[in-house]
Amino acid sequence: MAKTKKVTITLPAELLESMKAHTDNVSGYITELAERAERRRLLREELDRYQGEFGAFTDEEMAEARALLHGTEGEAERAA
């Protein structure tokens, strides 16, 4: 089990009520959202580092990546 630390945060009441309508574990829900945001931040940093070293992604590379992410491999082949 991961080590945790209790913190206090302030949320708009409407947002908290919306979360409670979808989960009985608001803490877990917020943790999941924060972890996802942190993964995106780290990925963005890595992509920026890569492009700084090797140059911007080509249109073909972007089409292939989109196809892989969205499960549309056939589109990547047509774009090539």
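**Exercise 1. Work out which residues form the aromatic cluster, and how their rings pair.**

Start with the membership: Y50, F54 and F57 make up one aromatic cluster. Bear in mind that this is a predicted model, where local features need pLDDT of at least 70, side-chain atom pairs count only at pLDDT 80 or more, and totals for chains, interfaces and linings use all residues. Residues are numbered from 1 along each chain as its sequence is written, and side-chain values use heavy atoms, with hydrogens and water left out.

Next, the pairs. The structure has two of them. Rings of Phe, Tyr and Trp (its six-membered ring) pair if their centres lie within 6.5 Å; planes under 30 degrees apart are stacked, over 60 edge-to-face, and the rest tilted.

- Y50 with F54: the centres sit 4.7 Å apart and the planes make 40°, a tilted pair. Both residues belong to helix α2 (residues 26-54), four residues apart, or about one turn of the helix. An α-helix has 3.6 residues a turn, so residues three or four places apart point the same way.
- Y50 with F57: the centres are 5.5 Å apart and the planes are at 10°, so this pair is stacked.

**Exercise 2. Decide for Y50, F54 and F57: buried, partly exposed or exposed?**

Take the cut-offs: buried is under 20% relative accessible area, exposed is over 50%, and partly exposed is in between (1.4 Å probe, protein chains only). Now go one by one. Y50 has 33% relative accessibility, so it's partly exposed. F54 comes in at 54%, so it counts as exposed. F57, at 26%, is partly exposed.

Then zoom out to the whole chain: buried residues account for 6% of its 80 residues.

**Exercise 3. Check the spans of α2 and α3 against what's expected, and see which residue follows each helix.**

First, the layout. Helices (H or I, at least four residues) and strands (E, at least two) are DSSP runs, numbered from the N terminus. The chain has four helices and zero strands, giving the pattern α-α-α-α along the sequence.

The expected span is 1.5 Å times one less than the number of residues. For α2, with 29 residues, that should be 42 Å, and the end C-alpha atoms are indeed 42 Å apart, so the two agree. Helix α3 (residues 59-70) has 12 residues and reaches 16 Å from first C-alpha to last, close to the expected 16 Å.

Finally, look just past the ends. G55 comes just after α2 with a positive phi of about 95°, while α3 is followed by G71, with a positive phi near 70°.
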